[in-house]
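Okay everyone, thanks for coming. Let me put the protein up on the screen, and then we'll walk through it together.

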Amino acid sequence: MEVKGRDQELAELYGVHMPARRQLDRVMLRQFHRLPGFESSFVGLDDLDGKGEMITLDDYLGIPWEQPNVAFDLRAEMEAKLGMKPFEPL
């Protein structure tokens, strides 16, 4: 179901505050990201929009970028995200 149609339905059932509350929830759930180097999946948004009710093959077997054998420098990624100078050992 389309988001606007769902919000209109909820407004008719529960009042006009419900679409505003769902919008605030969407804004909050978009702010949560994984550490740099990992792609964010936004599970909370999927659940809010009703997309999390179906289990797919990727959910069962895993997604390749979620596998632990991905090699990257987490410290360098965090420094870049935070705008810090790269760490230089003495």
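**Helix 2 and its neighbours**

Let's start in the middle of things: the buried residues of helix 2 pack against helix 1, residues 3-14, and helix 3, residues 43-48. One thing to say right away is that this is a predicted model, so please keep that in mind while I talk.

Which residues of helix 2 are the buried ones? They are P19, R22 and R26. If you look down the axis of helix 2, these buried residues fall within an arc of 60°, so they line one face of the helix. On the face turned away from that buried side, you'll find the exposed residues R21 and L24.

As for its dimensions, helix 2 covers residues 17-30, which is 14 residues. From first C-alpha to last, helix 2 reaches 20 Å, close to the 20 Å expected at 1.5 Å a residue.

**Stepping back**

Okay, zoom out for a second. How many helices and how many strands does the protein have? The count is five helices and zero strands. Reading along the sequence, you get the pattern α-α-α-α-α.

The protein has 90 residues, and buried ones make up 10% of them. If you take the contacts with a separation of 6 or more, 33% of them are between residues 24 or more positions apart. The protein exposes about 7,900 Å², and carbon and sulfur atoms supply 59% of that.

**Meet D7**

Now let's go to one residue I'd like you to find on the screen: D7, which sits in helix 1. Is D7 buried or exposed? The cut-off for buried is under 20% relative accessible area, and D7 has 12% relative accessibility, so D7 counts as buried.

What does D7 touch, if we don't count residues up to four places away in sequence? D7 touches P19, R22 and R26. You've heard those names already: they are the buried residues of helix 2.

With R26 there's a salt bridge too: the side chains of D7 and R26 meet at 3.6 Å, N to O. D7 lies in helix 1 and R26 in helix 2, so this pair ties together parts that are 19 residues apart in sequence. Both D7 and R26 are buried.

**More salt bridges**

How many salt bridges does the structure hold? Five. Let me show you a couple of the others.

Still in helix 1, E9 forms a salt bridge with R6, and their closest N and O atoms are 3.5 Å apart. These two are three residues apart in helix 1, about one turn of the helix. Here's the textbook bit: an α-helix has 3.6 residues a turn, so residues three or four places apart point the same way. E9 is partly exposed at 31% relative accessibility, and R6 is partly exposed as well, with a relative accessible area of 32%.

Over in helix 5, R75 forms a salt bridge with E79, with the closest N and O atoms 3.2 Å apart. R75 and E79 are four residues apart in helix 5, so about one helical turn separates them. R75 is partly exposed, with a relative accessible area of 49%, whereas E79 is buried, with 10%. Elsewhere, salt bridges that share partners join D7, R22, R26 and D49 into one network.

**Back to helix 2, and then the surface**

Let's return to helix 2 for one more residue, L29. L29 has 27% relative accessibility and counts as partly exposed. Which residues is L29 in contact with, leaving aside its neighbours within four places in sequence? The answer is F42, G44, L45 and L48. Take L45: L29 and L45 are 16 residues apart in sequence, and their C-alpha atoms are 6.0 Å apart in space.

Last stop is the surface. L35, F38, F72 and L74 form a nonpolar patch there, with about 310 Å² of accessible area together. L74 belongs to helix 5, which runs over residues 74-82, and at 35% relative accessibility L74 counts as partly exposed.

If you take one picture home, make it D7 from helix 1, touching P19, R22 and R26. Okay, that's my bit, thanks for listening!

Definitions and conventions
Residues are numbered from 1 along each chain as its sequence is written. This is a predicted model: local features need pLDDT of at least 70, side-chain atom pairs count only at pLDDT 80 or more; totals for chains, interfaces and linings use all residues. Side-chain values use heavy atoms; hydrogens and water are left out. The expected span of a helix is 1.5 Å times one less than its number of residues. Buried means under 20% relative accessible area, exposed over 50%, partly exposed in between (1.4 Å probe, protein chains only). The arc is that of the directions from the helix axis to the C-beta atoms. Contact means heavy atoms within 4.5 Å. Accessible areas come from the Shrake-Rupley method with a 1.4 Å probe; for residues, only the protein chains shown count as cover. Patches are made of residues with over 30% relative accessible area and no salt bridge: like charges are joined within 9 Å, nonpolar side chains (Val, Leu, Ile, Met, Phe, Trp, Tyr) within 5 Å. A salt bridge is a side-chain nitrogen of Lys or Arg within 4 Å of a carboxyl oxygen of Asp or Glu.
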